[in-house]
Each structure stands twice: as structure tokens, then as C-alpha cells.
Amino acid sequence: EGLHEGLQRGMQASLLRLLERKFGPLSDDVRTRVTQAGPDHLMAWTDKLLLADSLADVFGNMHP
């Protein structure tokens with residue numbers, strides 16, 4: 001379980017870093033959403049990030 005949690009935290013940190021590099025400073029809402037997400041959401045958002053022009057493209061209808 002510790003390994004699983006560590007991998008998830010690493011995925012969260014990586015996604016936050018990539019989002020910030022692409023879109024600039026992130027809102028607390030975006031940070032909270034990412035840090036509370038499970039691996040499936042994190043992977044899906046990371047995939048969407050590659051072609052996204054905005055945070056809405058990554059997260060759907062979320063308004064950060």
C-alpha cells in the first residue's frame with residue numbers, strides 16, 4: 001500500500017508541474033482536484049494535457 005501511495009503522489013506532483021509549466025500558476029481548486037484524484041483520473045488528465053489549449057480542455061467543464 002505504501003508503494004501505491006508513493007506512486008500516486010509522484011503522479012500528482014508530475015501532473016501539477018506539467019500543468020503549471022504549460023498554463024502558469026494554478027488555482028487552489030486545480031491543486032486540490034489533482035491531489036485528491038486517483039490514478040485513473042491522473043492518467044487521463046496527463047494524456048489530455050498533451051493536446052490541451054486550456055485547463056478546461058484537461059478537466060472538462062471545471063472552471064478553475
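**Close-up views of a four-helix model**

**View 1. Trp 45, a buried side chain in helix H3.** Trp 45 has a relative accessibility of 6%, and because buried means under 20%, this residue counts as buried. The model shown here and in the views that follow is a predicted one. The structure holds 1 aromatic pair, and in that pair the ring centres of Trp 45 and Phe 59 are 4.7 Å apart while the ring planes stand at 65°, so the arrangement is edge-to-face. The pair joins distant parts of the chain, since Trp 45 belongs to helix H3 (residues 39-49) and Phe 59 to helix H4 (residues 55-59), with their positions 14 residues apart in sequence. The partner ring is covered as well, for Phe 59 has a relative accessible area of 5% and is buried.

**View 2. The whole chain, as a setting for the close-ups.** The protein is built from 4 helices and 0 strands, and the order of its elements, read from the N terminus, is α-α-α-α. Its radius of gyration is 11 Å, close to the 11 Å that the globule rule gives for 64 residues, so the protein is as compact as a globular protein of that length. Along the principal axes, the C-alpha atoms occupy a box of roughly 35 × 20 × 20 Å. Of the contacts with a separation of 6 or more, 62% are between residues 24 or more positions apart. Buried residues account for 28% of the 64 residues.

**View 3. Gln 8 of helix H1 and the residues it touches.** Where does Gln 8 sit in the chain? Gln 8 is part of helix H1, which covers residues 2-23. Its relative accessibility is 18%, and because the limit for a buried residue is under 20%, Gln 8 counts as buried. When neighbours within four places in sequence are set aside, the contacts of Gln 8 are with Ala 37, Gly 38, Pro 39 and Leu 42. For one of these residues, Leu 42, the C-alpha atom lies 8.5 Å from that of Gln 8, although 34 residues separate the two in sequence.

**View 4. Two arginines of helix H1, Arg 17 and Arg 21.** Arg 17 is located in helix H1, and so is Arg 21. Is Arg 17 buried or exposed? Arg 17 has a relative accessible area of 53%, and because exposed means over 50%, this residue is exposed. Arg 21, with a relative accessible area of 64%, is exposed too. From Arg 17 to Val 30, 13 residues apart along the chain, the C-alpha atoms are separated by 12 Å. From Arg 21 to Gly 2, which are 19 residues apart along the chain, the C-alpha separation is 29 Å.

**View 5. Asp 47, an exposed residue of helix H3.** Asp 47 lies in helix H3, the helix that also carries the buried Trp 45. With a relative accessibility of 53%, Asp 47 counts as exposed. How many residues apart in sequence are Asp 47 and Ser 27? The two are 20 residues apart in sequence, and their C-alpha atoms are 21 Å apart in space.

**View 6. The surface and its charged side chains.** The protein exposes about 4500 Å², of which carbon and sulfur atoms supply 53%. There are 7 positive and 9 negative side chains in the protein, and the centre of the positive set lies 5 Å from the centre of the negative set.

Definitions and conventions. Residues numbered from 1 in each chain as written. Predicted model: local features only at pLDDT ≥ 70, side-chain atom pairs only at ≥ 80, totals over all residues. Heavy atoms only, no water. Rg over C-alpha atoms; globule rule 2.2 N^0.38 Å. Buried < 20%, exposed > 50% of the residue type's maximum accessible area, 1.4 Å probe, protein only. Contact = heavy atoms within 4.5 Å. Areas by Shrake-Rupley, 256 points an atom, 1.4 Å probe, with all protein chains shown as cover. Lys, Arg positive; Asp, Glu negative; His and termini not counted. Charge placed at Lys NZ, Arg CZ, Asp CG, Glu CD. Phe/Tyr/Trp six-rings, centres within 6.5 Å; stacked < 30°, edge-to-face > 60°.
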